[in-house]
Amino acid sequence: MATANSNLVHCDHCAKDVEYHYDPLNHWKHLLFSVCSLGLWLPFWLFATLSPSKLCNQCGNPLWSTDVAPSPPSRRKPS
Ligand SMILES: [Zn+2]
């Protein structure tokens, strides 16, 4: 079963839906920071590992929005 290729994220900088890639994490750098900071950097390392930042393929800016299309802000409570 083939899944739809929907690897598009809206980029505010490009003002359009673009393909993205993940910022490759430099674990050696984080290891060095963790050692130098006596372990204080570990939470940041963990955070960066668990939530890699998406980068726009067009402009290279980080993409924080995961919405492909803007959804109308209409909230309906199920009654
Ligand atoms: Zn962009």
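The following paragraphs go through a predicted model of a protein chain, from its overall make-up to single residues.

Residues are numbered from 1 along each chain as its sequence is written. Because the model is predicted, local features need pLDDT of at least 70 and side-chain atom pairs count only at pLDDT 80 or more, while totals for chains, interfaces and linings use all residues.

The protein chain holds two helices and four strands. Here helices (H or I, at least four residues) and strands (E, at least two) are DSSP runs, numbered from the N terminus. Read from the N terminus, the order of elements is β-β-α-α-β-β. Of the 79 residues in the protein chain, 6% are buried. A residue is called buried if 20 or more other C-beta atoms lie within 10 Å of its own, exposed if 12 or fewer, and partly exposed in between, with C-beta atoms placed from the backbone. Among contacts with a separation of 6 or more, 62% are made by residues 24 or more positions apart. A contact requires that the C-beta atoms of two residues, placed from the backbone, lie within 7 Å.

The four strands make up an open sheet, ordered E1-E2-E3-E4, with antiparallel pairing. At its edges are E1 and strand E4 (62–63), each of which pairs on one side only. Two strands are said to pair if DSSP finds at least two bridges between them.

Strand E1 (residues 8–11) runs antiparallel to strand E2 (residues 16–22), and four bridges join them. Within this pairing, valine 9 has valine 18 of E2 as its bridge partner, and cysteine 11 has lysine 16 of E2. The hairpin formed by E1 and E2 has four residues between the strands. One residue of the loop between E1 and E2 is alanine 15. Its phi is near 60 degrees, which is a positive value in a residue other than glycine. Alanine 15 counts as exposed because 8 other C-beta atoms lie within 10 Å.

On to the next pairing in the sheet. E2 is joined to strand E3 (residues 54–56) by three bridges, again in the antiparallel sense. Here tyrosine 20 stands opposite cysteine 56 in E3, and tyrosine 22 stands opposite lysine 54 in E3.

Between E2 and E3 in the order of elements come the helices. How many of the ten residues of helix H1 (residues 27–36) are buried? The number is zero, so H1 lies largely in the open. Just after H1 comes leucine 38, with a positive phi of about 55 degrees. Leucine 38 takes this value although it is not a glycine. Leucine 38 belongs to the loop between H1 and H2 and is exposed, since 8 other C-beta atoms lie within 10 Å.

The loop that follows, between helix H2 (42–50) and E3, contains serine 53. Is serine 53 buried or exposed? It has 12 C-beta neighbours inside 10 Å and therefore counts as exposed. Apart from neighbours within four places in sequence, serine 53 is in contact with Asp23 and Pro62. Serine 53 and leucine 63 are ten residues apart along the chain, and their C-alpha atoms are separated by 7.1 Å.
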